[in-house]
Amino acid sequence: MVPHLTTALTGPISELEQRIIDSMPATERWFRLEWMEHTPPFYTSVDVRNAGFKIAPVDTNLYPGGWNNLSEAMLPLAVQAAQAAIEKICPEARNLLLIPENHSRNPFYFKNIAQLVRIFRMAGLNVRVGSISNDIKKPTRIELPDFGAEGSSVLLEPVVRTERRIGLKDFDPCTVLVNNDLSAGAPGILEDLHEQYVLPPLHAGWHTRLKSRHFACYEEVAKRFGKMLGIDHWLINPLFGHCGKVNFAEESGLDCLRDHVDGLLAKIRRKYKEYGIQEKPFVVVKADNGTHGMGIMTVRDAADIDEMSRKTRNKMDVTKDGQQVRNIIIQEGVLTNELVNDAVAEPVVYMMDRYVVGSFYRVHGERGADENLNAPGAHFVPLAYDVSTHLPEPGAKPGASAPNRFYMYGVIARLAMLAASYELEATDPEAERF
């Protein structure tokens, strides 16, 4: 069932949709050529915002959770993509060890793990779930009573490390799939493995990644794609700035933050004026290395930085796993013009290897169109399309075709995934530098 969805697709965004649909052969050829030169991340999710006059990614996750939020109708796509991804990396693979996050009792998260187990079992692999948490000393079953017969529980088993390999008791995997974003750093138990593939590579974790680096790569991708389409790349690219050594607790480095906010708002105002956009610009200030929905605030004026309450500063100072925030990305705020049952929503697109395998709407009834929706109180609406998003309708009126709209979301998400591949190549510790 398609959710009741309202989207204002007017002005440049309709022209963009039209241009992307009309240029679909050129677009797909462009992606094929890129994937001949670059390796996509193993799996990726991208938060997309559609402002009606602009559409852009605002976050790219290389350890996506939430697989359970995808429509059941999309499962065959995920299984096929999983088969293609494994065949490319390790065609002789038989056993796969899945490493989850260390918060070992969250049933919502483990529904995601159960769905990943399901996908890879259907892809023809023996799959078991191994925990690297110190809290898991023996096999521990997590019950998921409302998840369905095939995923009614997850068995967590303690990971065993030998000299150069990891596995479980009586289970030696050739592939290790990590679903832990490594915010606290790469655990030693996963390092220096012999003849085992760790997916994604450890340098994809938030202990290494920077959002500012990712969006610098995305800007490069957007410029090249925009040139190919003949459009202003700003229509698909959020402007951003970066500020290091900010300490919210001690209120140091805030002058740097204030200056970047002021400068970025000025740039956005100029673009709004160019396109005749009447909305008030805003920026989103967030931790540069992973947030998990934490350490994020919306800023409409540089003066807001000076007026932060101590409670807000405390929230901004620490993110997941107690990591201190010192590097900040200041990102152009992109409104969401999407509503699901009168609540503000944004699409989240899921990919495996280079393929779009599904998406859902993140919906928040208590947040505004200019606020972060990845917050407590959000719920998720699967996108179960009557027509596949891979089958757009050329010739349909811009803004009137759901398959066209979701194909466009898939294009934007794939651009972000391509930027992530650039990013991983640039930070690969084993890459040869010339």
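Two strands pair if DSSP finds at least two bridges between them. This criterion applies to the first stop of the tour, in a model that is predicted.

**Stop 1: strand β2 and its partners**

Select β2 (43-50) together with strand β3 (residues 55-61). The two strands pair in the antiparallel sense, over six bridges. Within this pairing, Val46 has Thr60 of β3 as its bridge partner. Next, display the connection: β2 and β3 form a hairpin with four residues between them, and Gly52 in the turn has a positive phi of about 90 degrees.

Now add β17 (343-352). β17 runs antiparallel to β2, and five bridges join the two. Asp47 can be used as a marker here, since its bridge partner in β17 is Val348.

How many of the residues of β2 are buried? Eight of its eight residues are, and the strand is mostly covered. In a regular strand the side chains alternate between the two faces of the sheet. Colouring the two faces of β2 separately shows Tyr43, Ser45, Asp47 and Arg49 on one side, with Thr44, Val46, Val48 and Asn50 on the other. Both faces are covered, and these residues are all buried.

**Stop 2: the largest nonpolar core**

Select Ile55, Tyr218, Ile236, Tyr361 and Leu415 as side chains. These are the residues with the most contacts inside the largest nonpolar core, which has 42 residues. Elements that each supply at least two residues of this core include α1 (12-22), α2 (24-37), β2, α5 (211-229), β17, β18 (355-364) and α9 (402-427). The most is given by α9, with 13 residues.

Centre the view on Ile236. Leaving aside neighbours within four places in sequence, Ile236 is in contact with Leu16, Ile55, Ala56, Pro57, Tyr218, Ala222, Phe225, Ile412 and Leu415. Apart from this core lies another, of 41 residues, among them Trp67, Ala85, Leu199 and Met352.

**Stop 3: His364 in strand β18**

Move to His364, which lies in strand β18. His364 counts as buried because its relative accessibility is 2%, against a cut-off of under 20%. Two polar neighbours of its side chain can be displayed as distances. A polar atom of the His364 side chain lies 2.8 Å from the backbone oxygen of Pro376, and the backbone nitrogen of Glu366 lies 3.2 Å from a polar atom of that side chain. Not counting residues up to four places away in sequence, His364 touches Ala343, Val344, Leu373, Ala375, Pro376, Gly377 and Ala378.

**Stop 4: Arg213 in helix α5**

Select Arg213 in helix α5. With a relative accessibility of 29%, Arg213 counts as partly exposed. Beyond its neighbours within four places in sequence, Arg213 is in contact with Thr208, Glu423 and Thr427. For the last of these, Arg213 and Thr427 are 214 residues apart in sequence and 9.8 Å apart in space, C-alpha to C-alpha.

**Stop 5: the four-stranded sheet and its helices**

In what order do the four strands of the open sheet stand? The order is β12-β15-β13-β14, with antiparallel pairing. β12 (240-243) and β14 (296-299) stand at the edges; each has a single partner strand, so one side of each is left without a neighbour in the sheet. From one strand to the next, the twist averages 20 degrees.

For a detail, select strand β13 (residues 283-287) and strand β15 (residues 328-332), which pair over five bridges in the antiparallel sense. Val284 has Gln331 of β15 as its bridge partner.

Then restore the helices. α5 lies across β12, β13 and β15, and runs at about 150 degrees to β12. Helix α6 (residues 254-275) lies across β12, β13, β14 and β15, running at about 15 degrees to β15.

**Stop 6: the cysteines**

Finally, select Cys243 and Cys256. A disulfide joins them, with an S to S distance of 2.0 Å, and the structure holds one disulfide. Because Cys243 lies in strand β12 and Cys256 in helix α6, the pair ties together parts that are 13 residues apart in sequence. Cys243 is buried, with a relative accessible area of 1%, whereas Cys256 counts as partly exposed at 26% relative accessibility.

Compare Cys90 and Cys174. Why is there no bond from Cys90 to Cys174? The sulfur of Cys90 is 3.7 Å from that of Cys174, its closest cysteine sulfur, which is too far for a bond. Cys90 counts as buried at 2% relative accessibility, and Cys174 counts as buried at 16%.

Terms used. Residues are numbered from 1 along each chain as its sequence is written. This is a predicted model: local features need pLDDT of at least 70, side-chain atom pairs count only at pLDDT 80 or more; totals for chains, interfaces and linings use all residues. Side-chain values use heavy atoms; hydrogens and water are left out. A nonpolar core is a set of buried Ala, Val, Leu, Ile, Met, Phe, Trp, Tyr and Cys residues joined through side-chain atoms within 4.5 Å. Buried means under 20% relative accessible area, exposed over 50%, partly exposed in between (1.4 Å probe, protein chains only). Contact means heavy atoms within 4.5 Å. A polar contact is a pair of N or O atoms within 3.5 Å; within protein, one must be able to donate a hydrogen and the other to accept it, and residues adjacent in sequence count only if both atoms are side-chain atoms. Axes are lines fitted to C-alpha atoms, for helices over the stretch in contact, and angles run from 0 to 180 degrees between N-to-C directions. A disulfide is a pair of cysteine sulfur atoms within 2.5 Å.
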